[in-house]
Amino acid sequence: MDTEERKNFDNQFYNHQETMKEIKEVRDTQENLVHILNEMSDRIDIIRINSSDILNRYVDEVNELKLELTELSKINPNYRRRGN
């Protein structure tokens, strides 16, 4: 191998190494993004569960208030709801 061939080979090898390093960086970034997306998905699931629990509690409270209102109107027949 003469000097020019060796120089070309070294340049190609160096370029290949740089390319492989960049590919590794891209893969690492991709793995990091996948990890972040999985964490976000888990958090979204928790938010869904929490909001579902809050909605269920709200519905339960509304139903309890309706029941109390019904019982009050049975106790006091002259009791009128607002707007009636």
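**F13, its ring partner and a charged patch**

At 43% relative accessibility, F13 falls into the partly exposed class, because that class covers values between the 20% limit for buried and the 50% limit for exposed. The model looked at here is a predicted one. As for its place in the fold, F13 belongs to helix α1, which covers residues 3–75. Another residue, L69, is 56 residues away from F13 in sequence, and the C-alpha atoms of the two are 83 Å apart in space.

Next come the aromatic rings. A search through the whole structure turns up 1 aromatic pair. That pair is made by F9 and F13, and it is stacked: the ring centres are 6.3 Å apart, with 20 degrees between the planes. The pair counts as stacked because its angle is under the 30 degrees cut-off. Along the chain, F9 and F13 are 4 residues apart in helix α1, so about one helical turn separates them. Like its partner, F9 is partly exposed: its relative accessibility comes to 39%, while that of F13 is 43%.

Charge is the other topic. Five acidic residues, D60, E61, E64, E68 and E71, form a negative surface patch. One of them, D60, sits in helix α1, the helix that also holds F13. With a relative accessible area of 44%, D60 is partly exposed. That value also fits its place in the patch, because patch residues need over 30% relative accessible area.

Note on methods:
Residues are numbered from 1 along each chain as its sequence is written. This is a predicted model: local features need pLDDT of at least 70, side-chain atom pairs count only at pLDDT 80 or more; totals for chains, interfaces and linings use all residues. Side-chain values use heavy atoms; hydrogens and water are left out. Helices (H or I, at least four residues) and strands (E, at least two) are DSSP runs, numbered from the N terminus. Buried means under 20% relative accessible area, exposed over 50%, partly exposed in between (1.4 Å probe, protein chains only). Rings of Phe, Tyr and Trp (its six-membered ring) pair if their centres lie within 6.5 Å; planes under 30 degrees apart count as stacked, over 60 as edge-to-face and the rest as tilted. Patches are made of residues with over 30% relative accessible area and no salt bridge: like charges are joined within 9 Å, nonpolar side chains (Val, Leu, Ile, Met, Phe, Trp, Tyr) within 5 Å. Accessible areas come from the Shrake-Rupley method with a 1.4 Å probe; for residues, only the protein chains shown count as cover. A salt bridge is a side-chain nitrogen of Lys or Arg within 4 Å of a carboxyl oxygen of Asp or Glu. Lys and Arg count as positive and Asp and Glu as negative; His and the chain ends are not counted. The place of a charge is taken as NZ of Lys, CZ of Arg, CG of Asp or CD of Glu.
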